[in-house]
Structures are given as structure tokens and as C-alpha cells.
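This report describes the fold of one protein, two residues from an annotated site, and one helix pair.

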Amino acid sequence: MTGPLAILMGPMGAGKSSVGRALAAQLGVDFADLDTLIVEADGRTIPEIFAAEGEPAFRELEAAVLARALAERTGVLALGGGAPLHPDAGELLRGRPVILLEIEEAVAARRLARGTGRPMLEGSDPMARWRQLAQERGPTYRDLAACRIDSGHGGPAHVARTIVRTLQLDLPSGPEKETE
């Protein structure tokens, strides 16, 4: 099966993008963030898509972009928190090197307090919504995960090294020479 060397999933704030970039750098491969690929494909931001089309339409677009990314990408792919929930996603992700980045609520709260643009957390109590989503999505995450990594302790490079060891991935032996 071709496709990404590692696929990162987990709840919002787990560090999928930052760990993904660190992992790709350590492996000397490309990094892709599914949310970025969606924005590139659609031309609007995630909040704009949610506002204009609603969550169901966003999830259909997300599933289509995921299928394309799994077919075309070979490096590290970070998924949005809801991407694994689409009915087609389970079949697409099963048997692949899917890493569940797990995080404690207190760490997620600290990380999410710094960010914006998360339409799924809008409302008067974002952490109550985070808890609800984590509880709803957790069984699917655990079912699809080839392995589970605690991403709440240590920086992205540390978590990436843990993934390399866990998946027994080969690191480049030295500086890569550019070929033309």
C-alpha cells in the first residue's frame, strides 16, 4: 500500500501539525496538513467553509481531499480532528501507519487558549465542547490507530522521535544531496 509514511490524528490541540512538521523534518520527507490541503482545494478558510456551507458539506470536501492525499502523498500527513469520522475515512485509513496523538485536557486547554479559527470549539465553553468531541471521537481514533503516542509531554521534536522509534522508521543517514 502506497501513501504517507505516517498519518497523525487526534483531538484539537494534540499537536498534529507541529509534530507532523518535526517528524517530516527528522525523516527528510514532505509534510502535508489536511486542513491546508482543503483550503488550497477550495480557496476559502475552514471557518469560511463552515459558515457558508455547514459542517456536512465541509466533511464531504474533507473526505475527498483525504482520499486524494492518501493516494498522492508519501511523507507525513496530519489530519483534522474530525477527518477520521467520515464513513469513507475508516476504510481509507485502516491498515495504514495511523498514529493517535493523545493529550490530557489540561494541556489541550493551555494550547487551545493560544489559537483561533476552530469552528468546532465556538461557543461559551470551548473546553466543554473539546471534552464532548474527545469523548465522541475517541473510540474511532483508537480503532483506527496503529499506535498511540502521548503528545502532551515534551516538544514536537521529542514526540516525533518517539514516533520514529515506535514505527521503526529509517532516518536519513546524513545531509541529503540535491539532484537535478
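The protein contains eight helices and five strands. The model is a predicted one. From the N terminus onwards, the elements follow the order β-α-β-α-α-α-β-α-β-α-α-β-α. The chain has 180 residues, of which 44% count as buried. Among contacts with a separation of 6 or more, 73% join residues 24 or more positions apart.

**Annotated site**

An unreviewed UniProt entry places the feature "binding site" at G13, A14, G15, K16, S17, S18 and R118. Two of these positions, A14 and K16, are taken up here. A14 is in the loop that runs between β1 (6-9) and α1 (16-27), whereas K16 belongs to helix α1.

Are these two residues buried or exposed? The relative accessibility of A14 is 0%, so this residue counts as buried. K16 has a relative accessible area of 9% and is therefore buried as well, the cut-off being under 20%.

| Residue | Location | Relative accessible area |
|---|---|---|
| A14 | loop between β1 and α1 | 0% |
| K16 | helix α1 | 9% |

Which residues does A14 touch, once its neighbours within four places in sequence are left aside? They are L101, I103, R111 and S151. With the same exclusion, the contacts of K16 are L8, M9, G10, P11, F31, A78, L79, G80, G81 and L101. L101 thus appears in the contacts of A14 as well as in those of K16.

**Helices α6 and α7**

Two packed helices are described by the distance between their axes and by the angle between those axes. Helix α6 covers residues 105-112 and helix α7 covers residues 126-144; their axes come within 11 Å and cross at roughly 130°. The two helices are therefore oblique to each other. The reasoning rests on the cut-offs: angles over 145 degrees would count as roughly antiparallel, and those from 65 to 115 degrees as roughly perpendicular. The crossing of α6 and α7 is right-handed.

Which residues form the contact between α6 and α7? On the α6 side they are E105, A108, A109 and L112, and on the α7 side M127, W130 and R131. By type, five residues of this contact are nonpolar, two are charged and none is polar. R111, one of the residues in contact with A14, has a position within the 105-112 range of α6.

Key. Residues numbered from 1 in each chain as written. Predicted model: local features only at pLDDT ≥ 70, side-chain atom pairs only at ≥ 80, totals over all residues. Heavy atoms only, no water. Axes fitted to C-alpha atoms, helices over the stretch in contact; angles between N-to-C directions. Helix = DSSP H or I, 4+ residues; strand = E, 2+ residues; numbered from the N terminus. Parallel < 35°, antiparallel > 145°, perpendicular 65-115°, else oblique. Left-handed = near helix turned anticlockwise from the far one by under 90°. Contact = heavy atoms within 4.5 Å. Nonpolar A, V, L, I, M, F, W, Y, C, P; charged D, E, K, R; others polar. UniProt positions renumbered as here; feature names shortened; annotations may be inferred. Buried < 20%, exposed > 50% of the residue type's maximum accessible area, 1.4 Å probe, protein only.
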